[in-house]
Structure formats: C-alpha cells, structure tokens
Amino acid sequence: MAVIIALGSAAGDPMFYEDVALVPSLVVFVVILVVYRAIIWLAAKSEKVESIVEGDPVTIIRDGEIELGNKGNSPFAHDEFFAEMRAQSIEHMGQVRMAILETNGSVSFYYFPDEDVRPGLPVIPEYYNDRCDTVTESGEYACCYCGHTRKLPEGKHQCIRCEKNDWVKALATKRIT
Ligand SMILES: [Zn+2]
C-alpha cells in the first residue's frame with residue numbers, strides 16, 4: 001500500500017505541475033522499486049525480516065472464546081470481526097473452534113463438528129444487542145467482551161476470564177452452510 005501511494009505521488013507531480021521535471025520522478029520510481037525488491041528479497045531469505053515486514057498470523061478465537069492479550073484486553077474491534085463472522089454464516093462463537101487473523105487482514109475460521117457445537121456469544125445484532133448486567137432469568141449466558149459462556153443463576157455476575165460484567169443469552173444453534 002505504501003509503495004503504491006509513493007509511486008502515485010511521484011508520478012502525479014510532473015503531470016500536474018509544469019515546473020516539476022520528469023527526471024527526479026523517474027529517480028524516485030527507480031529508488032522505490034529497488035528498495036521494495038530488496039525488502040522482498042530479504043524477507044524471502046530471513047524469517048525474522050519477514051515477520052517484521054509482514055507480521056505474524058494471530059489466533060483470535062480458541063474453543064469458542066476470544067483470545068485475550070496479556071492485560072486481559074481483546075486485541076481488536078468487535079464490530080468488524082463480528083461482521084467478518086456473519087459473512088461466513090456464523091451465528092455464534094460456539095460454532096468456531098479457532099479463528100486466525102492472517103497477515104493480509106483476512107480471517108481463517110475452523111469450525112466444530114455439529115456434535116461439538118457449544119453455547120456461544122451471538123454475533124447477530126438482534127441477539128447481541130439484548131445484553132444485560134443483571135441476569136433476570138437463569139440459563140446459559142455469554143460474556144459480551146470475551147465470549148466466555150457459562151450457566152448463570154439470577155443476579156449480578158463477573159466474568160472469570162475478563163472480569164467484565166456484561167452478559168447476553170448464549171445461542172447454541174448448529175452451523176448451517
Ligand atoms: Zn469475559
């Protein structure tokens with residue numbers, strides 16, 4: 001992306017302004033392409049360079065629950081990720097065994113077989129928005145922040161994983177593709 005923007009900028013100036021010469025832009029073109037090729041070559045030679053330049057895949061769901069960072073934070077925005085799940089016809093996180101955020105920004109999903117699907121955090125707004133901090137009817141509830149799911153009696157409860165107090169009724173539907 002940065003290379004495309006830099007090339008566009010270098011090509012644009014001599015097109016728009018009469019007093020900008022063509023040769024400096026060509027030099028910029030050549031330098032950018034040489035540096036870009038050098039980085040690609042180095043990344044192919046060294047895993048460390050590749051990891052710095054392209055990043056590493058990150059596991060974001062494991063066994064139906066969001067992986068939390070060192071400080072108990074979830075490392076991404078829920079809304080975008082939920083949209084990504086809905087695009088894959090996922091109704092709730094209990095259907096997902098593992099989700100991995102790839103270095104190109106896409107998410108790879110691995111599913112539980114039907115018999116192992118467990119109650120999970122709904123990602124459909126109609127259900128997700130029906131959240132509460134006090135359980136008024138006992139049942140299976142999912143933590144809105146980390147997806148941890150458990151049976152809760154009536155009353156106020158704190159999530160044992162993320163210590164938040166925000167619940168929604170868990171869904172347990174099987175995955176239909
Ligand atoms: Zn939680």
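Cys143 and Cys162 are both buried, and in this predicted model they belong to a group of four cysteines that hold a zinc ion. From that site we can move on to a nonpolar core of 20 residues, a nonpolar patch on the surface, and finally Thr177, an exposed residue in the segment after strand 9.

**The zinc site**

- The zinc ion has four protein donors, namely the SG atoms of Cys143, Cys146, Cys159 and Cys162, and they lie 2.3 Å from the ion.
- Along the chain, these donors follow the spacing C-x2-C-x12-C-x2-C.
- Cys143 sits in strand 6 (residues 139–143), while Cys162 sits in the loop between strand 8 (155–156) and strand 9 (167–169), so this pair ties together parts that are 19 residues apart in sequence.
- Why is the arrangement called tetrahedral? The angles that the four donor atoms subtend around the zinc ion run from 99 to 121°, and four donors count as tetrahedral if all angles lie between 85 and 135 degrees.
- For comparison, the ideal angle for four tetrahedral donors is 109.5 degrees.

**The nonpolar core**

- The largest nonpolar core is built from 20 residues, and Phe81, Met85, Ala99 and Phe109 have the most contacts inside it.
- Which elements give two or more residues to this core? They are strand 1 (58–62), helix 4 (78–87), strand 3 (96–101) and strand 4 (107–111).
- Helix 4 gives the most to the core, with three residues.

**The nonpolar surface patch**

- Now look at the surface, where Val23, Val27, Val31, Val35, Ile39, Ile52 and Val53 make a nonpolar patch of about 610 Å².
- Helix 2 (22–45) and helix 3 (47–54) each supply at least two residues of this patch.
- The largest share comes from helix 2, which provides five residues.
- Val53, one of the patch residues, has its place in helix 3.
- Is Val53 buried, partly exposed or exposed? Its relative accessible area is 45%, so Val53 is partly exposed, because that class lies between the limits of 20% and 50%.

**Thr177, after strand 9**

- Thr177 is found in the segment that comes after strand 9.
- With a relative accessible area of 82%, Thr177 counts as exposed, because the cut-off for that word is over 50%.
- How many residues apart in sequence are Thr177 and Leu68? They are 109 residues apart, and in space the distance between them is 28 Å, C-alpha to C-alpha.

Methods:
Residues numbered from 1 in each chain as written. Predicted model: local features only at pLDDT ≥ 70, side-chain atom pairs only at ≥ 80, totals over all residues. Heavy atoms only, no water. Donors = N, O, S within 2.8 Å, 3.2 Å for Na, K, Ca; no water. Tetrahedral: all angles 85-135°; square planar, octahedral: opposite > 155°, others 65-115°. Helix = DSSP H or I, 4+ residues; strand = E, 2+ residues; numbered from the N terminus. Buried < 20%, exposed > 50% of the residue type's maximum accessible area, 1.4 Å probe, protein only. Patch = residues over 30% accessible without salt bridge, like charges linked within 9 Å, V, L, I, M, F, W, Y side chains within 5 Å. Areas by Shrake-Rupley, 256 points an atom, 1.4 Å probe, with all protein chains shown as cover. Salt bridge = Lys/Arg side-chain N within 4 Å of Asp/Glu carboxyl O. Core = buried A, V, L, I, M, F, W, Y, C linked by side-chain atoms within 4.5 Å.
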